[in-house]
Amino acid sequence: MYRKKFLKYPRSWVHTFAGLLCGVALLLCGCEPRLTNVERGNASRELYYGIGTEPAGLDPHLITGLVEMSVTTALFEGLVTLDGETSMIEPGVAQSWKVSDDGTTYTFSFDPEARWSSGDPVTPDDFLYAFERILSPRLGAPYSKMLYVMKNAEAFNKGELGDFSQVGAHAPDASTLVIELEQPTAYFLELLTHCTWWPVHPPTIEKHGGMTARISDWTKPGNFIGNGPFTLERWRINSAIFAKKNPQYRDPDSVWLNGVHFLPIQVDAEERAFRAGHLHLTSTVLPHRIEWFRQNMPERMRFDPALGVYFYVINTKRKPLDDPRVRKALAYSINREAITDHVLKAGQEPAYNLTPPGTGGSYHARARIPYDPELARQLLAEAGYPNGEGFPSFDILYNTSEAHRSIAVTIQQMWRKELGIDVRLFNQEWKVYLTTRQARDFDIARAGWFGDYNDPNTFLDLNKSDNGNNHSNWNNPKYDALIEQAARERDPEQRFEIFQKAEALLLEDMPVIPIYFYVTSRLIHPSVQGWYRNILEYHPYQDIRLVP
Amino acid sequence: MLSHIARRLLQAIPTLWLIATLTFVLLHLAPGGPFDSEKSLSPEARANLEAHYGLDLPLHQQYFVYLKNIIRGDLGPCYTFTGWSVDEIIAQSFPVSLELGALSLLIALGFGIPLGITAALRHGKPTETALMGVAMVGICLPTFVLGPILLLVFSSGLGWFNPLGWSVPGDRVLPSLTLGLFYGAYIARLTRSGMLDTLQNDYIRTARAKGLREGLVVLRHGLRNALYPVVAYLGPAVAGLISGSFIVETIFFIPGLGMFFVNSAFNRDYTLVMGTVLFYAVLIIFFNLLVDLVQMWMNPRTRHD
């Protein structure tokens with residue numbers, strides 16, 4: 001009796017509660033017709049761009065990564081820019097420039113229309129301020145060495161020179177900037193498109209902590225002043241950055257978009273966002289999803305060659321890897337096509353040399369690592385290990401990641417099969433791996449390098465004995481001399497010839513084993529027009545149109 | 001009561017100091033630093049950077065500077081995200097985590113308690129077995145499985161909700177369910193066993209003998225004591241809901257604090273790690289104190305102590 005009477009109570013309670021919950025849920029999801037971001041953006045001329053991760057900052061003098069570059073490209077403009085389609089140098093803040101006969105002095109004439117988003121004109125003094133800022137030791141700019149081609153810039157940055165007026169940049173009048181270089185530099189104009197050479201608005205910097213303050217609010221919305229085609233409108237950390245069309249831009253008619261939304265959606269969730277119409281573009285396609293997209297929506301997947309190479313660094317001080325024959329045997333027995341076709345599958349190119357093909361416009365290395373297991377076995381035998389007998393076991397070090405592991409496992413099998421040698425795999429968390437590699441406490445380590453500018457020098461300089469990123473302990477004075485000679489050479493063809501020699505020498509000694517050239521993969525909505533194939537991953541937002 | 005609160009707050013000070021010190025030591029023991037990257041910095045640039053953030057000082061000095069700043073409420077500049085201070089990041093992200101946590105808690109309690117009561121009253125019947133079976137599944141399903149299942153059904157399948165984001169009210173539903181159902185399942189089990197224990201007591205029999213309505217007996221006399229273990233569990237549960245939302249935040253792209261908490265350790269972002277760890281420590285201490293107070297209030301024997 002008691003029980004029966006009572007049982008009605010909780011049951012109705014549960015029913016009421018369930019009904020209420022469903023009602024609330026329906027109310028929440030049903031009260032507005034939901035447009036997708038893509039539909040909304042196509043109507044309002046706003047691009048929704050998934051960038052994969054929150055940018056580490058928007059101060060062009062302090063950032064280092066491609067994600068940060070992809071946002072700041074919308075917000076700033078340097079003396080010159082690149083054409084998105086042809087990668088040719090185009091006027092930016094400077095409408096024209098002259099080069100002295102000896103190739104060391106560049107004179108830039110400013111575009112009178114170049115203005116900050118506040119309406120102030122962009123002046124040569126603003127550039128001088130920017131150069132002094134990024135080179136000031138106190139700021140601790142991580143990439144200040146990009147300016148070292150400028151006369152005395154290195155000495156000023158290292159604190160050996162206290163007077164900025166001795167650095168090779170000055171403004172003879174209000175619309176001219178002269179930059180003197182240490183020596184002729186063939187890729188100087190390319191360098192100027194890098195964020196380290198961009199101007200900053202001096203009054204804004206001064207108002208928010210001064211020239212050398214890293215901890216500053218100047219890049220926050222409301223404070224931000226830039227000179228790019230867009231200007232910072234909103235920024236909520238880990239949520240969204242919105243850059244709105246800048247009406248003060250020097251050529252506002254060239255900008256079709258009204259704004260760009262940068263969404264730092266993690267790569268795992270990006271694809272879902274794209275398929276639900278929340279993004280026009282994603283930062284990448286996850287390797288295990290490539291096959292699905294290839295079969296179901298191939299037209300929405302884009303692979304572009306990138307200016308980057310994936311390679312193994314060999315510690316040339318450790319036995320038996322100190323023998324070039326051993327290093328060559330290891331390099332010759334890797335079937336790179338098997339790796340790119342069956343492990344990576346995103347259209348990566350096998351790397352038979354270090355410098356990506358087409359770097360600097362037309363550089364294609366003639367030296368080539370053969371895939372020749374027979375020759376590899378012969379070399380190993382010459383080094384004293386016929387059929388791998390007596391070969392000591394060693395480690396492949398990589399930072400923890402499924403992709404790196406797959407490659408290492410494949411190479412481990414290739415070496416076992418072709419050379420009869422055993423290697424162990426050894427993974428470490430990212431920062432631990434970087435420390436181990438920096439301390440040269442490894443046998444073979446995985447590495448990757450993306451060019452800072454479009455010239456073979458950015459790859460070949462890496463193996464110079466004094467380069468801080470040369471982790472192989474390899475030191476060849478002949479190689480160093482070639483790289484220095486190339487830096488002085490003014491004739492472009494001659495210069496590339498010197499690089500050819502250097503690259504051949506590198507492959508003869510083999511301190512690094514190139515494996516593949518990177519590609520950028522991304523999903524792109526068919527409405528996006530003007531996103532051109534581009535080795536530098538440089539996509540000016542001025543070019544983009546949204547055509548539903 | 002007041003002296004109890006004062007005592008607990010005083011106890012919190014050495015606890016927080018210990019947490020701050022341990023975090024500081026462990027962080028500096030871990031290999032790698034905030035400025036290591038694929039492209040290593042030149043020695044000059046690194047020295048400049050370390051000088052800028054005071055990392056060139058001897059470790060014990062860094063420690064004292066850090067403690068002094070904490071006491072002033074300044075958690076320092078973030079190393080990874082230049083231009084942001086740790087205080088700003090917490091101020092922007094924590095309200096989101098708090099909202100997610102609060103909604104999840106409501107769902108957990110809203111599901112857990114009624115289910116637990118129903119199961120207890122249907123003790124030994126198939127209903128109980130079924131409900132506790134469902135609860136067991138809820139406990140066993142990790143958020144990274146439940147989240148995608150909910151998305152598959154309600155977003156891709158039925159199209160009721162956005163697949164990710166945190167802008168419209170509807171965006172709250174799936175993440176809160178993902179996070180809340182696990183705790184709801186646990187609370188259902190706790191409520192059930194609490195209720196079963198309580199309903200055996202003499203005072204329940206007395207209440208019934210007085211002729212009180214069964215609903216009143218169960219909800220007023222029974223539930224208060226049955227909820228005792230649930231309230232005790234809420235302290236760690238709330239902390240877990242608010243700090244453990246990293247996976248849910250990642251799946252649903254929610255701009256909460258969990259993401260910073262986890263990633264800062266990978267980035268060796270010293271100030272952000274220490275800031276978020278201390279912040280969560282304060283929260284956990286606060287919620288445990290709150291739970292203690294609620295328990296004291298619920299139990300007439302301790303209420304008047």
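Helices (H or I, at least four residues) and strands (E, at least two) are DSSP runs, numbered from the N terminus. The exercises below concern a predicted model.

**Exercise 1. Locate Pro320(A) and state the geometry of the peptide bond that leads into it from Lys319(A).**

Solution.
- Step 1: Pro320(A) belongs to the loop that runs between strand S11 (301-314) and helix H10 (324-332) of chain A.
- Step 2: The bond from Lys319(A) to Pro320(A) has omega near -5°, and is cis.
- Step 3: For comparison, most peptide bonds are trans.

**Exercise 2. Describe the backbone, place and accessibility of Asn152(A) and of Asn473(A).**

Solution.
- Step 1: Asn152(A), not a glycine, has a positive phi of about 65°. Asn473(A) is not a glycine either, and its phi is positive at about 65°.
- Step 2: Most residues other than glycine have a negative phi.
- Step 3: Asn152(A) sits in the loop between helix H4 (124-135) and helix H5 (153-157) of chain A. Asn473(A) sits in the loop between helix H15 (457-460) and helix H16 (477-488) of chain A.
- Step 4: Asn152(A) has 23% relative accessibility and therefore counts as partly exposed. Asn473(A) has a relative accessible area of 26%, so it is partly exposed.

**Exercise 3. Is Thr436(A) buried or exposed, and with which residues is it in contact beyond four places in sequence?**

Solution.
- Step 1: Thr436(A) is part of helix H14 (residues 430-438) of chain A.
- Step 2: Buried means under 20% relative accessible area. Thr436(A) has 12% relative accessibility, so it counts as buried.
- Step 3: With neighbours within four places left aside, the contacts of Thr436(A) are Leu397(A), Gln428(A), Asp441(A) and Phe442(A).

**Exercise 4. Work out how strands S6 and S7 of chain A are joined.**

Solution.
- Step 1: S6 (residues 169-173) and S7 (residues 176-180) of chain A run antiparallel and are joined by 3 bridges.
- Step 2: One bridge pairs Asp173(A) with Thr176(A) in S7(A).
- Step 3: The connection from S6(A) to S7(A) is a hairpin through 2 residues.

**Exercise 5. Which element gives the most to the nonpolar patch on chain B, and where does Leu158(B) lie?**

Solution.
- Step 1: The patch covers about 700 Å², and its residues include Phe144(B), Trp160(B) and Ile247(B).
- Step 2: Helix H6 (residues 143-157) of chain B gives the most, with 5 residues.
- Step 3: Leu158(B), also in the patch, lies in the loop between H6 and helix H7 (173-199) of chain B. Its relative accessibility is 46%, so Leu158(B) counts as partly exposed.

Terms used:
Residues are numbered from 1 along each chain as its sequence is written. Chains are lettered from A and ligands numbered from 1 in the order in which they are written. This is a predicted model: local features need pLDDT of at least 70, side-chain atom pairs count only at pLDDT 80 or more; totals for chains, interfaces and linings use all residues. Side-chain values use heavy atoms; hydrogens and water are left out. Patches are made of residues with over 30% relative accessible area and no salt bridge: like charges are joined within 9 Å, nonpolar side chains (Val, Leu, Ile, Met, Phe, Trp, Tyr) within 5 Å. Accessible areas come from the Shrake-Rupley method with a 1.4 Å probe; for residues, only the protein chains shown count as cover. A salt bridge is a side-chain nitrogen of Lys or Arg within 4 Å of a carboxyl oxygen of Asp or Glu. Buried means under 20% relative accessible area, exposed over 50%, partly exposed in between (1.4 Å probe, protein chains only). Two strands pair if DSSP finds at least two bridges between them. Contact means heavy atoms within 4.5 Å.
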